[in-house]
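Here is a short report for a newcomer. Look over the sequence and the model, then read on.

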Amino acid sequence: TDITETVSVTIPIRTSKEFKVGVTFKNAPSNFDASKLPIVISPSTLTISGSPDAINNLKETYTAGEIDISKLRKGTNTYHFDLSLSTGLEPAEKVEKIKVDIDLSKYKVESFDVNASQSKFDIINYTGTRKVTFKTKTIDNIRIINPAYVVEKLKGSDIVIEADMKGMETVTGKCTVNALISVKNRSNCWAIGNYQVDVNIG
């Protein structure tokens with residue numbers, strides 16, 4: 001007697017797609033344009049394989065990591081990020097790290113003393129109902145990095161101070177908050193270092 005056995009084999013379907021590789025920036029001014037940075041990412045693209053659903057759920061750009069722009073310095077700034085993919089996803093090529101070079105050798109650093117009578121002091125990210133006023137009226141030695149090829153000279157009055165009030169909705173009285181520094185009409189300049197201001201809430 002012949003006995004016929006049926007064996008069911010499930011073959012997982014996998015697909016591949018090429019993604020751009022990018023980074024994000026923290027402590028960047030509100031008008032900052034990252035596309036103007038002299039940045040080289042290696043590899044610049046990444047082919048990722050996985051199930052069709054997993055691949056389709058990915059964004060068009062793979063974010064290698066986050067860079068604190070306030071810590072960038074004149075010269076070459078190099079970062080290495082470990083490749084990190086969700087379970088079931090893997091690179092088509094053998095890639096373990098992403099290298100990011102930001103060449104600021106053609107940038108210059110200038111220092112400015114800023115006061116509220118000449119520069120704009122703003123409150124941002126505040127959703128509370130209380131009145132917020134600045135106690136700080138001056139900030140000395142704000143270090144701005146900007147391209148050396150820019151002919152138009154920066155002035156202290158070009159600098160904008162933004163008091164970041166995120167998470168301060170229930171706070172009252174005098175407090176110290178982080179200040180974001182930007183330059184009017186300049187999307188390729190930013191402040192080196194961290195700054196704070198005193199404000200009064202209520």
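## Aromatic residues

F25 counts as buried because its relative accessibility is 18%. Buried means under 20% relative accessible area, exposed means over 50%, and partly exposed lies in between (1.4 Å probe, protein chains only). This is a predicted model: local features need pLDDT of at least 70, side-chain atom pairs count only at pLDDT 80 or more, and totals for chains, interfaces and linings use all residues. Residues are numbered from 1 along each chain as its sequence is written, and side-chain values use heavy atoms, with hydrogens and water left out.

F32 is buried too, at 16% relative accessibility. How many aromatic pairs does the structure hold? It holds five. Rings of Phe, Tyr and Trp (its six-membered ring) pair if their centres lie within 6.5 Å; planes under 30 degrees apart count as stacked, over 60 as edge-to-face and the rest as tilted. One of the pairs is F25 and F32: their ring centres are 5.7 Å apart and their planes stand at 75 degrees, so this pair is edge-to-face.

Y107 and W190 make a tilted pair, with 5.9 Å from centre to centre and 45 degrees between the planes. Y107 lies in strand β8 (residues 107-115) and W190 in strand β14 (residues 190-192), so the pair ties together parts that are 83 residues apart in sequence. Strands (E, at least two residues) and helices (H or I, at least four) are DSSP runs, numbered from the N terminus. Both Y107 and W190 are buried. F25, F32, Y107 and W190 form one aromatic cluster.

## Strand β1 and its partners

β1 has an antiparallel partner in strand β3 (residues 45-50), with six bridges between them. Two strands pair if DSSP finds at least two bridges between them. F19 has L46 in β3 as its bridge partner. β1 also runs parallel to β4, again joined by six bridges. Here K20 stands opposite T61 in β4.

V23 is another residue of strand β1. Is V23 buried or exposed? V23 counts as buried, because its relative accessibility is 16%. The C-alpha atoms of V23 and T61 are 9.0 Å apart, while the two residues are 38 places apart along the chain. Leaving aside neighbours within four places in sequence, V23 is in contact (heavy atoms within 4.5 Å) with I39, I41, T63, A64, G65, I67, F81 and V100.

## An open sheet

Which strands form the open sheet, and in what order? Five strands do, in the order β9-β12-β13-β15-β10, and their pairing is mixed. β9 (120-124) and β10 (132-134) stand at the edges with a single partner strand each, so one side of each has no neighbour in the sheet. From one strand to the next, the twist averages 40 degrees. Axes for such angles are lines fitted to C-alpha atoms, for helices over the stretch in contact, and angles run from 0 to 180 degrees between N-to-C directions.

At one edge, β10 runs antiparallel to strand β15 (residues 195-201), and three bridges join them. T133 has N200 in β15 as its bridge partner.

## Salt bridges

Side chains of opposite charge can pair when their charged atoms come close. A salt bridge is a side-chain nitrogen of Lys or Arg within 4 Å of a carboxyl oxygen of Asp or Glu. By this rule there are seven salt bridges. The table shows three of them.

| Salt bridge | N to O distance |
|---|---|
| E60 and K17 | 3.1 Å |
| K97 and D82 | 2.3 Å |
| K155 and D158 | 3.8 Å |

E60 and K17 link distant parts of the chain: E60 is in the loop between α1 (52-56) and β4 (61-68), K17 is in strand β1 (residues 15-26), and they are 43 residues apart. E60 is exposed, at 52% relative accessible area. K17 is partly exposed, at 29%.

K97 is partly exposed as well, at 47% relative accessibility. K155 is partly exposed, with a relative accessible area of 45%, whereas its partner D158 is buried, with 15%.

## Cysteines

How many disulfides does the structure hold? It holds zero. A disulfide is a pair of cysteine sulfur atoms within 2.5 Å. C175 is buried, with a relative accessible area of 11%. C189 is buried at 0% relative accessibility.
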